[in-house]
Amino acid sequence: MYFEEIQLGYEIQLNPVKIEKSKMLDFARVYDNVPLHVDEEYASRTPFRKIIAPGVMTFMSVWAEYLKVDLFGEELLAGKSTKIEWFKPVFADDVLTSKAVVTKLTERNAKNGIVELTISAYNQSGELVLTDVTEAIVKKKI
């Protein structure tokens, strides 16, 4: 989809994601090996009372569903930036539902523009667990 075809406010519902404990542990052991993510005994003494999913793993689980949509297709030139914020912990067996919304369109030059996309993910209780604001550089029709 070319930059000119994208509309502000366009919204996509993403497929739900179940956070599996085995994947949490595998990811944490390689990329975020802190006790809160891998040590059940330690985590039981924290306010969370059990291990929590690494934030980046949680985001990437949602992001993988967004990528399946392939919103920009071959017109995507590059990613420009991303900013993730975490609001609530995510636990094993949580099911996250998410949506992606086009929140800003910026003319860049004659060949491309910047599309800002905001992804919001909620747990099964309807609580916001994370947001991500990503900017992508998208081709214009020439």
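This report walks through the sheet, a helix, some charged pairs and two unusual loop residues of a structure. The model is predicted.

**The sheet and its helix**

A good place to start is the open sheet of 5 strands, whose order is β1-β3-β4-β5-β2 with antiparallel pairing. At the edges stand β1 (11-18) and β2, each with a single partner strand, so one side of each is left without a neighbour in the sheet. From one strand to the next, the twist averages 20°. To see one pairing in detail, follow β2 and strand β5 (residues 128-139), which pair in the antiparallel sense over 9 bridges. There, Ala-78 has Ile-137 in β5 as its bridge partner. Helix α4 packs on this sheet and touches β1, β2, β3, β4 (112-122) and β5. The direction of α4 makes about 130° with that of β1.

Helix α4 is also where you will find Met-60. Together with Val-56 and Trp-86, Met-60 forms a nonpolar patch on the surface, and the three share about 290 Å² of accessible area. Met-60 itself is partly exposed, with a relative accessible area of 41%.

**Charged pairs**

Side chains of opposite charge can pair when their charged atoms come close. The structure holds 10 salt bridges, including these:

| Salt bridge | Closest N and O atoms |
|---|---|
| Arg-45 with Glu-41 | 3.6 Å apart |
| Glu-65 with Lys-68 | 2.8 Å apart |
| Lys-140 with Glu-107 | 2.2 Å apart |

Take Lys-140 and Glu-107, which form a salt bridge. This pair links distant parts of the chain, 33 residues apart: Lys-140 is in the segment after β5, and Glu-107 is in strand β3. Lys-140 counts as buried at 10% relative accessibility, whereas Glu-107 counts as exposed at 58%.

Glu-65 and Lys-68 are 3 residues apart in helix α4, which means that about one helical turn separates them. Here Glu-65 is buried, with a relative accessible area of 12%, while Lys-68 counts as exposed at 59% relative accessibility. In the pair of Arg-45 and Glu-41, both residues are exposed.

**Two residues with positive phi**

Most residues other than glycine have a negative phi. Which way does Arg-49 go, positive or negative? Its phi is positive, at about 70°, although Arg-49 is not a glycine. You can find Arg-49 in the loop between α3 (40-44) and α4 (55-69), where it is exposed, with a relative accessible area of 68%. Asp-93, also not a glycine, has a positive phi of about 75°. Asp-93 lies in the loop between β2 (76-86) and β3 (95-107).

Methods
Residues are numbered from 1 along each chain as its sequence is written. This is a predicted model: local features need pLDDT of at least 70, side-chain atom pairs count only at pLDDT 80 or more; totals for chains, interfaces and linings use all residues. Side-chain values use heavy atoms; hydrogens and water are left out. Helices (H or I, at least four residues) and strands (E, at least two) are DSSP runs, numbered from the N terminus. Buried means under 20% relative accessible area, exposed over 50%, partly exposed in between (1.4 Å probe, protein chains only). Patches are made of residues with over 30% relative accessible area and no salt bridge: like charges are joined within 9 Å, nonpolar side chains (Val, Leu, Ile, Met, Phe, Trp, Tyr) within 5 Å. Accessible areas come from the Shrake-Rupley method with a 1.4 Å probe; for residues, only the protein chains shown count as cover. A salt bridge is a side-chain nitrogen of Lys or Arg within 4 Å of a carboxyl oxygen of Asp or Glu. Two strands pair if DSSP finds at least two bridges between them. Axes are lines fitted to C-alpha atoms, for helices over the stretch in contact, and angles run from 0 to 180 degrees between N-to-C directions. Contact means heavy atoms within 4.5 Å.
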